[in-house]
Structure formats: structure tokens, C-alpha cells
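Visitor: I am new to this structure. Please take me through one part of it closely, the sheet, and then show me what lies around it.

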Amino acid sequence: MRAIVTTLLKIITNITQNPMEPKFRKLPKHSKSMQEKILKYPYAVHFLVAVGFVDEGENWSLNGFDKDRLLQAEKALCLLLSLMKMADIFEHIFFFALFSA
């Protein structure tokens with residue numbers, strides 16, 4: 001799950017930091033990374049659609065640029081990663097407390 005969120009965050013961050021760079025707005029479906037980290041997870045594809053990507057056959061493409069939507073998506077993904085890290089920390093604390101008692 002973390003790899004999926006990290007990949008989505010990288011996609012969105014590349015676009016927000018380089019809004020005029022076309023290479024960040026096209027995601028090739030044949031890419032191994034896209035197939036393994038995004039396309040086989042319906043919720044990851046739904047996320048791409050929610051931020052404005054469209055299926056154009058060989059690629060997922062972002063044709064428009066809704067800066068506010070992309071920045072909100074970026075913040076949401078950062079928050080989700082932070083929550084995942086906190087969950088890992090709590091899990092370690094729980095097991096440490098459980099086995100040291």
C-alpha cells in the first residue's frame with residue numbers, strides 16, 4: 001500500500017512542480033511500474049481519474065491543470081503517508097510493550 005501511495009504522490013508532485021512539462025502528464029500503461037503499482041489496484045486508478053487523468057488508450061493523460069485539485073491531492077497523499085508511518089510506530093510500540101512485560 002505504501003508503494004502505491006508513494007508512486008501516486010510522485011506523479012502528482014512531478015506535475016505540481018513542473019506544470020508545463022508534458023512528460024509528467026502522460027503515464028504509459030505498458031510501463032512495468034504503472035502496471036505493478038497503479039493499474040492493478042482499482043482505487044489507485046480511481047484516484048488518477050479523480051485528479052483529472054483520462055484513459056487515452058496507450059496512456060493515462062492529464063489534459064487540463066486544476067492546480068487546487070492537484071495540491072489537495074498532494075496534501076492528502078502526504079497525510080496518508082504520515083498516518084501509515086505513525087501506524088508503523090504504534091505497532092512497534094505495542095509489540096515492544098507486549099513482549100517486554
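Guide: Here is the sheet, followed by the pocket and the helices.

This is a predicted model, in which local features need pLDDT of at least 70 and side-chain atom pairs count only at pLDDT 80 or more, while totals for chains, interfaces and linings use all residues. Residues are numbered from 1 along each chain as its sequence is written, and side-chain values use heavy atoms, with hydrogens and water left out.

Start with the sheet. It is open and has three strands. Their order is β1-β3-β2, and the pairing is antiparallel. Strands are DSSP runs of E with at least two residues, helices are runs of H or I with at least four, and both are numbered from the N terminus. Two strands pair if DSSP finds at least two bridges between them.

The edge strands are β1 (26-28) and β2 (53-55), and each pairs on one side only. From one strand to the next, the twist averages 20 degrees.

Take the β1 side. Three bridges join β1 to β3, and the two run antiparallel. K26 has S61 in β3 as its bridge partner.

P28 is also in strand β1. P28 counts as partly exposed because its relative accessibility is 27%. The cut-offs are these: buried means under 20% relative accessible area, exposed means over 50%, and partly exposed lies in between, with a 1.4 Å probe and protein chains only. P28 touches M34, E58 and N59, not counting residues up to four places away in sequence. Contact here means heavy atoms within 4.5 Å. S82 is 54 residues from P28 along the chain, and their C-alpha atoms are separated by 28 Å.

Now the β2 side. β2 is joined by three bridges to β3 (residues 59-62), again antiparallel. D55 stands opposite W60 in β3. β2 and β3 form a hairpin with three residues between them. In the turn, G57 has a positive phi of about 85 degrees.

E56 lies in the loop between β2 and β3. With a relative accessible area of 39%, E56 is partly exposed. Leaving aside neighbours within four places in sequence, E56 is in contact with K26, S61 and N63. K26 and S61 are the bridge partners met above. E56 and L27 are 29 residues apart in sequence, yet 9.9 Å apart in space, C-alpha to C-alpha.

L27 leads to the pocket. Rolling a probe the size of a water molecule over the atoms shows where empty space is left. On a 1 Å grid over the protein atoms alone, a pocket is an open set of points with protein on both sides within 12 Å along at least five of seven lines, where a 1.4 Å probe fits; a cavity is a set where that probe fits but cannot get out; lining residues have an atom within 4 Å of a point.

The largest pocket holds about 270 Å³ of space. Grid points are joined across faces, edges and corners, and the volume is the space filled by probe spheres set on the points. The lining has 13 residues, of which T7, K10, I11, L27 and S33 lie nearest the centre. The elements giving two or more residues are α1 (2-17), β1 and α2 (32-39). α1 gives the most, with four residues.

By class, the lining has five nonpolar, four polar and four charged residues. Ala, Val, Leu, Ile, Met, Phe, Trp, Tyr, Cys and Pro count as nonpolar, Asp, Glu, Lys and Arg as charged, and the others, Gly among them, as polar.

Helix α2 also holds I38. At 0% relative accessibility, I38 counts as buried. Not counting residues up to four places away in sequence, I38 touches I4, T7, L8, S33, A44, V45 and L48. T7 and S33 are among the residues nearest the pocket centre.

Last come two more helices. Helix α3 (residues 42-51) and helix α4 (residues 67-100) pack at an angle of about 150 degrees, with their axes 9 Å apart. Axes are lines fitted to C-alpha atoms, for helices over the stretch in contact, and angles run from 0 to 180 degrees between N-to-C directions. F47, A50 and V51 in α3 meet R69, L70, A73 and L77 in α4. The contact residues divide into six nonpolar, no polar and one charged.

A73 is buried, with a relative accessible area of 7%. The C-alpha atoms of A73 and V51 are separated by 7.2 Å.
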